[in-house]
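Colleague: I'm new to this one and could use a guided tour. Could you take a close look at the nonpolar core for me, and then tell me what lies beyond it?

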Amino acid sequence: MRVSIDVDCCAGHGACVDTCPEVFVIGDDGYAEVILAEVPDALIDAARRAARECPTRAILTDG
Ligand code: SF4
């Protein structure tokens with residue numbers, strides 16, 4: 001599964017980093033960045049949860 005951030009939607013509060021820090025970080029600009037665009041199997045559930053729980057729906061997945 002691949003993930004990306006819609007930077008126009010991200011509010012930068014970091015809930016995704018709390019949920020799945022292996023995949024998401026807050027960058028120098030204060031918004032989320034993906035550091036593992038191709039999510040390994042072991043992290044798919046956490047990455048999906050981060051996407052589901054993102055209050056602005058800024059996390060995009062292909063699976
Ligand atoms: S949870 Fe959503 S809005 Fe918040 S930092 Fe992560 S991507 Fe941005």
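Modeller: Here's a walk through the core, followed by the ligand site and one residue of a helix. Keep in mind that this is a predicted model.

Let's start with the largest nonpolar core, which has 19 residues. Val3, Cys20, Val23, Phe24, Val39 and Ile59 are the ones that touch the most other members. As for where the core comes from, strand β1 (3–5) and helix α2 (44–53) each chip in at least two residues. Helix α2 gives the largest share, with 5 residues.

Val3 is a good place to zoom in. Leaving aside residues up to four places away in sequence, Val3 touches Val23, Phe24, Val34, Leu36, Ala37, Val39, Ala47, Leu60 and Thr61. Three of the core's best-connected members turn up in that list, namely Val23, Phe24 and Val39.

Now for the ligand, which sits in the largest cavity. There are 15 residues around the ligand, and Cys10, Ala11, His13, Cys16 and Cys54 come nearest. If you sort that shell by class, you get 11 nonpolar and 4 polar residues, with no charged ones.

Finally, back to helix α2, where you'll also find Arg49. Arg49 counts as partly exposed because its relative accessible area is 34%, which falls between the 20% limit for buried and the 50% limit for exposed. Arg49 and Glu38 are 11 residues apart along the chain, and their C-alpha atoms are separated by 16 Å.

Notes: Residues numbered from 1 in each chain as written. Predicted model: local features only at pLDDT ≥ 70, side-chain atom pairs only at ≥ 80, totals over all residues. Heavy atoms only, no water. Core = buried A, V, L, I, M, F, W, Y, C linked by side-chain atoms within 4.5 Å. Buried < 20%, exposed > 50% of the residue type's maximum accessible area, 1.4 Å probe, protein only. Helix = DSSP H or I, 4+ residues; strand = E, 2+ residues; numbered from the N terminus. Contact = heavy atoms within 4.5 Å. Near = heavy atom within 4 Å. 1 Å grid on protein atoms, 1.4 Å probe; cavity = no way out; pocket = protein on both sides within 12 Å on 5 of 7 lines; lining within 4 Å. Sits in = over half its atoms within 2 Å of the grid points. Nonpolar A, V, L, I, M, F, W, Y, C, P; charged D, E, K, R; others polar.
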